[in-house]
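Welcome! Work through these short exercises with the sequence and the 3D view side by side, and try each task before reading its solution.

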Amino acid sequence: MRFSEEFRDAELGRGLAGEIHALAERAGAELGRPFKLMEVCGGHTHTIYRYAIESLLPGGVELVHGPGCPVCVLPMGRVDDAIAIAQRPEVILACFGDMMRVPGSRGSLLEAKARGADVRMVYSPLDALRIATRNPDREVVFFAIGFETTAPSTALTLRRAKAEGAANFSCMCNHVTIEPPLRALLDSPELELDGFVGPGHVATIVGLRPFRFIPADYAKPIVISGFEPLDVLQSIQMLLSQLVDGRCEVENQYRRVVPEEGNPRALQAMAEVFELRPHFEWRGLGTIPHSALRLSDAYAELDAERRFPVPGVRVADPQACQCGEVLKGVIKPWECRVFGTACTPERPIGTCMVSPEGACAAYYSYGRHARGDGTEPATAATSEAEATTATPQVLA
Amino acid sequence: MTPRSEPAPAAAPERREHEPGCEHEPGCITCGDVARPMRVLEVDEAHGLAVCVDERERREIVDIGVVEAVAPGDTLLVHAGAALHREPA
C-alpha cells in the first residue's frame, strides 16, 4: 500500500541518521547543550518509540514529546460531564476506544459502563450516527475529541445528521485546535526548545499558514512531518539543516500529502458546523482562550451540552500525576514519580498513560528499549510492566 | 449503494458494535494524528460515501465529503471514518 512501506527502508534510514550525526556535530559545539526538538503529535511519539528512532540519534539531539494527543490533554471535568450524560437511561454514549479509559474524578466511562451506563466504542462519528438510526427510541450522544484532523469527520457527520433529520443524535464537542497550545508552550518560561516536528495530518487540513507564527514570532523552525520512520528522520535532518544554516522557516517534509493551503472543503465544513469556544481547559497547560471548538448556533439542536444538563465542574488533576510537566517537555515520562508503579496503562492515573499515543504509554511500551544507556527507569520495573512491554521494530 | 464501476464488489459487511480495545493497535487511529491508507472499491456519489479496503483487507464505508473526484482504485488517507486526502490510481 502506498504511503507506508516505501518509508521504512533501513538503508535510507541509516543514511539519514549519518547526516543527522554530521549536522549535530557541526552545530552542536556552538550551542553547548543538546538540541531539543519537540514532536507535537502523539502519532510521531508512537513512531519514534515503535521504530527506536532515538537510538539512531546522536547524544546532541534530544526529542521532547509534546501535547499532541487529544486524549492526553482532556481535563477530568470533561470526563465527568460525559459520564453525567451517559448515566441517563435514555442515552447511548458513543466514543473512541481510548476515551473510555480516561479517568474522571469518579472513574472512567468504561467504569460507568460496568455500572450500567450504555457506553459504546466506535471508530468514527459515522458509526455513532448509524447507532442512532438503528435505535430511534434512544438518544445517541457522540463524544467528539481530536485536533483538526478529526474535526472534519465530526463536521461531516453532523451535516449528515441534520440533513437526515436524525432527531435522536447529538454531539458533545471536545475538539481542540493546534495553534493556541503551541503558543502557550512557546510562552512557557520553563521550556527550552530549538524546533518542532510538526503534525502532518493536522496540516493536511489546515495547511502551513497556522504554523507560520512559530518562526515569525518565536524564531523557531518547524518541519511538517509524515508518520513513517523515514519521514521522522528526514524531518529531524531538515530541522538541523535549518539550524546549521541559520534559517528559520516552516518546511513541508510531508509534501506527498500536505498541500500548502490545506483542505478547503474540510475547512469550510468545520467553519459551518463549529465555532471557537471563548476558553477551554487543557490538562497541564491550564485554560487557553480560543483553543477549542463547540457547535455553532446553526447546529445548536445537535449540541448534547444544550440538550442535556452537564455539571461543568472544574476538577483539579491528581497531585501525584505530572502529566502537565510531561506534556510541556519539562520532564521525561520515566521521571514522573508514579510512572510504571501507581500509573500503568492498565490503571492509568494520568491521561498520558491512557492512549498508545500518550508519551507515557508509548514510553512504557517501547521506550525502555530505546534509551540505549542500559539503565532502567528507577520506578518502572514491575512484573506486570515486563509482561506488557513491546519490542521496537527494526526498520525493514 | 450505486457503484460507479463494474464489476460491483460486494457491499461492505455490517460493522459490529465494538467492545473496548482497539483493532488499530498499537496506535489508535482515531485518537492520534494518524491516517490509514485505504483503496477505493466502490463510490456512492449521491451519499458522499465510498466502500474502501485497507492493507489487511478490512472493509469500511468512508465519508468522502472533503475530497474531490474519488474513483475506484484511488488510495484515500482515512481518519476517523473520513477521507482526508486522495491519491489517484
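**Exercise 1.** Find which residues A:Leu126 touches, not counting residues up to four places away in sequence.

*Solution.* Step 1: use the contact rule, by which two residues are in contact if their C-beta atoms, placed from the backbone, lie within 7 Å. Step 2: the residues that A:Leu126 touches are A:Thr157, B:Asp63 and B:Gly81, leaving out residues up to four places away in sequence. Step 3: note how to read these labels: chains are lettered from A and ligands numbered from 1 in the order in which they are written, and residues are numbered from 1 along each chain as its sequence is written. This is a predicted model, where local features need pLDDT of at least 70, side-chain atom pairs count only at pLDDT 80 or more, and totals for chains, interfaces and linings use all residues.

**Exercise 2.** Decide whether A:Leu126 is buried or exposed.

*Solution.* Step 1: recall that a residue is buried if 20 or more other C-beta atoms (placed from the backbone) lie within 10 Å of its own, exposed if 12 or fewer, and partly exposed in between. Step 2: A:Leu126 is buried because 24 other C-beta atoms lie within 10 Å. Step 3: place A:Leu126 in helix α5 (residues 125–134) of chain A; helices (H or I, at least four residues) and strands (E, at least two) are DSSP runs, numbered from the N terminus.

**Exercise 3.** Work out where the buried residues of helix α7 (residues 179–187) of chain A lie around its axis.

*Solution.* Step 1: list the buried residues of α7(A), which are A:Pro181, A:Leu182 and A:Leu185. Step 2: look down the axis of α7(A): these buried residues fall within an arc of 100 degrees, so they line one face of the helix. The arc is that of the directions from the helix axis to the C-beta atoms.

**Exercise 4.** Describe how strands β4 and β5 of chain B pair.

*Solution.* Step 1: survey chain B, which has zero helices and five strands. Step 2: two strands pair if DSSP finds at least two bridges between them; β4 (residues 75–79) and β5 (residues 82–87) of chain B pair in the antiparallel sense over five bridges. Step 3: pick out one bridge, where B:Leu76 has B:Arg86 in β5(B) as its partner. Step 4: look at the turn: the hairpin has two residues between the strands, and B:Ala80 takes a positive phi near 50 degrees.
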